[in-house]
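Here are some notes on the fold and the ligand site, set out as numbered points to be read beside the structure.

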Amino acid sequence: MSTPPTFRVATLADVDGIAECAAEAMMEDDLFGALWPRRKEYPDQFVGYFRGRARERILDHTVVTLISEMPVQENGKEILKVVGMAQWQKFGKPSVETGWSVYKAAGSRLIGFQDWAYSWFQPKETASDPEAVARFMEDFTEMEHKFWFKDGKEHDRWHLQLLAVHSIARRRGIGGRLVELGVERAKRDGCDASLEASPMGLPVYQSKGFEVLDTYMMKVKGSDGQPIPSPILMWKNPDVKR
Ligand SMILES: CC(C)(COP(=O)(O)OP(=O)(O)OC[C@H]1O[C@@H](n2cnc3c(N)ncnc32)[C@H](O)[C@@H]1OP(=O)(O)O)[C@@H](O)C(=O)NCCC(=O)NCCS
């Protein structure tokens with residue numbers, strides 16, 4: 001893999017590549033392990049979750065999904081593989097990239113209908129733990145209110161929802177570049193950038209200028225039976241008056 005990776009905004013045509021990359025990258029992650037305890041027995045369901053999530057986010061007006069690709073050999077053929085992905089969401093004031101679009105609005109209606117129709121025929125999803133997922137949703141809402149809501153208003157920011165780099169492409173600067181691309185958007189829009197980190201992601205974010213504001217202890221328990229710590233990080237835009 002000597003060709004340098006390329007970076008671009010994802011489209012609906014990229015959902016399969018994004019899902020495979022995210023599922024592979026998150027297979028050993030402690031939080032996803034708690035939410036999806038049987039993901040290794042049912043890897044297709046795990047990939048399916050990321051596919052649904054990728055489609056939903058690509059059709060969300062407030063989200064920009066970025067991908068990194070590299071040529072790799074698979075089954076004797078060279079293919080362009082998605083080896084990194086980042087979902088950045090704009091909160092607060094809309095940005096040039098997050099305006100309403102008829103394509104996204106129509107697409108999300110259509111996909112909502114398609115998912116409802118398919119749900120009648122799909123086997124019951126067995127790989128995840130519904131109780132852990134419910135606890136995580138509580139954690140998520142609590143974190144949002146504790147750190148990113150003030151006086152009934154969202155903190156104006158680009159927020160990194162998910163960052164994943166496939167294990168075949170790590171330590172080559174792909175994760176770092178996907179973080180920088182979000183920070184560049186925050187600079188352009190005169191706002192901050194934020195995220196909740198996993199222990200593995202922490203050094204990447206700190207190397208890109210993010211500061212740890214606090215550490216939230218989740219209700220979701222990790223593989224050691226203890227609450228999973230989630231460091232809360234912010235890249236503070238020097239142009240923002242505080
Ligand atoms: C975390 C992750 C996205 C990093 O992606 P990456 O492309 O390997 O990161 P980069 O190559 O850009 O690393 C940038 C810097 O971060 C640091 N870093 C990255 N991974 C590290 C690790 N495992 N241990 C220590 N430092 C690390 C290094 O300083 C590195 O710079 P260097 O390689 O010049 O020393 C990737 O390992 C991954 O997908 N992990 C599983 C999913 C996950 O934890 N995602 C984060 C969710 S918050």
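1. Two strands are taken to pair if DSSP finds at least two bridges between them. With that in mind, in this predicted model the residue Glu 196 has Ile 232, in strand 9, as its bridge partner. Strand 7 and strand 9 are joined by 4 bridges and run antiparallel.

2. As to the overall make-up, the protein has 7 helices and 9 strands, and its C-alpha atoms fill a box of roughly 50 × 40 × 40 Å along the principal axes. The radius of gyration is 18 Å, which agrees with the value near 18 Å that a compact globule of 242 residues would have. Buried residues account for 32% of the 242 residues, and of the contacts with a separation of 6 or more, 76% are between residues 24 or more positions apart.

3. The sheet deserves a careful look. It is open, with 7 strands in the order 1-2-3-6-7-9-8 and with mixed pairing. Strand 1 (6-9) and strand 8 (211-221) stand at the edges with a single partner strand each, so one side of each has no neighbour in the sheet. From one strand to the next, the twist averages 25°.

4. Within that sheet, strand 6 and strand 7 (residues 192-196) run parallel and are joined by 4 bridges, with Asp 192 in strand 7 as the bridge partner of Arg 157. Strand 8 and strand 9, by contrast, run antiparallel and are joined by 7 bridges; here Lys 221 has Pro 227, in strand 9, as its bridge partner. The hairpin formed by strand 8 and strand 9 has 5 residues between the strands, and Gly 225 takes a positive phi near 80° there.

5. Which strands does helix 5 lie across? Helix 5 (residues 130-148) lies across strand 3 (77-91), strand 7, strand 8 and strand 9 (227-235), and runs at about 155° to strand 8. Helix 6 also packs on the sheet, where it touches strand 1, strand 2 (63-74), strand 3, strand 6, strand 7 and strand 9, and its direction makes about 165° with that of strand 6.

6. Turning to the ligand, 20 residues surround it, the closest being Arg 170, Gly 175, Gly 176, Met 200 and Gly 201. By class, this shell holds 10 nonpolar, 6 polar and 4 charged residues. Helix 1 (15-26), strand 6 (157-165), helix 6 (174-189) and helix 7 (202-207) each supply at least two residues of the shell.

Definitions and conventions. Residues numbered from 1 in each chain as written. Predicted model: local features only at pLDDT ≥ 70, side-chain atom pairs only at ≥ 80, totals over all residues. Rg over C-alpha atoms; globule rule 2.2 N^0.38 Å. Buried ≥ 20, exposed ≤ 12 C-beta atoms within 10 Å, placed from the backbone. Contact = placed C-beta atoms within 7 Å. Near = placed C-beta within 6 Å. Nonpolar A, V, L, I, M, F, W, Y, C, P; charged D, E, K, R; others polar. Axes fitted to C-alpha atoms, helices over the stretch in contact; angles between N-to-C directions.
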